[in-house]
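Dear colleague,

Please find below the structure that I am handing over to you, followed by a summary of what was found in it.

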Amino acid sequence: MRLPSRIYKVQNDGGLHFVEATQTFDDAKERVRELGAIWPGEYVIDDEEKGERVFISTRDERKN
């Protein structure tokens, strides 16, 4: 099974730490919200199908 959406957490040094992969971009966004509740910070969703990266902050929900 191919999982085209990958979630990364942005580290203090700006590097990306792979967290997990999901089947859809919407699944990845929901998972980032869940992770942010226990592991707040900046996340990146790399969506292979759309060919784009989306940055999400879970520190301030108004940014999402």
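Among contacts (heavy atoms within 4.5 Å) between residues at least 6 apart in sequence, 34% join residues at least 24 apart. Please note that this is a predicted model, in which local features need pLDDT of at least 70 and side-chain atom pairs count only at pLDDT 80 or more, while totals for chains, interfaces and linings use all residues. Residues are numbered from 1 along each chain as its sequence is written, and side-chain values use heavy atoms, with hydrogens and water left out.

Overall fold and dimensions

The chain has four strands and one helix, arranged from the N terminus as β-β-α-β-β. Helices (H or I, at least four residues) and strands (E, at least two) are DSSP runs, numbered from the N terminus. The radius of gyration of the chain is 11 Å, which agrees with the value near 11 Å for a compact globule of 64 residues. This radius is taken over C-alpha atoms, and the globule rule is 2.2 Å times the number of residues to the power 0.38. Along the principal axes, the C-alpha trace spans about 30 × 25 × 20 Å.

Surface and charge

The accessible surface amounts to about 4300 Å², and carbon and sulfur atoms account for 46% of that surface. Accessible areas come from the Shrake-Rupley method with a 1.4 Å probe; for residues, only the protein chains shown count as cover. Of the 64 residues, 31% count as buried. Here buried means under 20% relative accessible area, exposed over 50%, and partly exposed in between (1.4 Å probe, protein chains only). The chain carries 14 negative and 11 positive side chains, and the centres of the two sets are 4 Å apart. Lys and Arg count as positive and Asp and Glu as negative, whereas His and the chain ends are not counted. Each charge is placed at NZ of Lys, CZ of Arg, CG of Asp or CD of Glu.

The nonpolar core

Which residues form the largest nonpolar core? The eight residues are Ile7, Phe25, Ala28, Val32, Leu35, Tyr43, Ile45 and Ile56. The elements that give two or more residues to this core are α1 (25-38) and β3 (42-47), and α1 gives the most, with four residues. A nonpolar core is a set of buried Ala, Val, Leu, Ile, Met, Phe, Trp, Tyr and Cys residues joined through side-chain atoms within 4.5 Å. Leaving aside neighbours within four places in sequence, Phe25 is in contact with Ser5, Ile45, Asp47, Lys50 and Val54.

Individual positions

The contacts listed below likewise leave aside neighbours within four places in sequence.

Gly41 is found in the loop between α1 and β3 and is buried, with a relative accessible area of 0%. Its contacts are Lys9, Ile56, Ser57, Thr58 and Arg59. The C-alpha atoms of Gly41 and Lys9 are 7.4 Å apart, with these positions 32 residues apart along the chain counted as their separation.Pro4 lies in the segment before β1 (5-10). Is Pro4 buried or exposed? Pro4 is buried, with a relative accessible area of 3%. Pro4 is in contact with Thr22, Gln23, Asp46, Asp47, Glu48 and Glu49, again leaving aside neighbours within four places in sequence.

Phe55 is found in strand β4 (residues 52-57) and counts as exposed, at 60% relative accessibility. Outside the neighbours within four places in sequence, Phe55 is in contact with Tyr43 and Val44. Phe55 and Val10 are 45 residues apart in sequence and 9.3 Å apart in space, C-alpha to C-alpha.

Arg6 is found in strand β1. With neighbours within four places in sequence left aside, Arg6 is in contact with Phe18, Glu20, Ala21, Val44, Ile45, Asp46 and Glu48.

With kind regards
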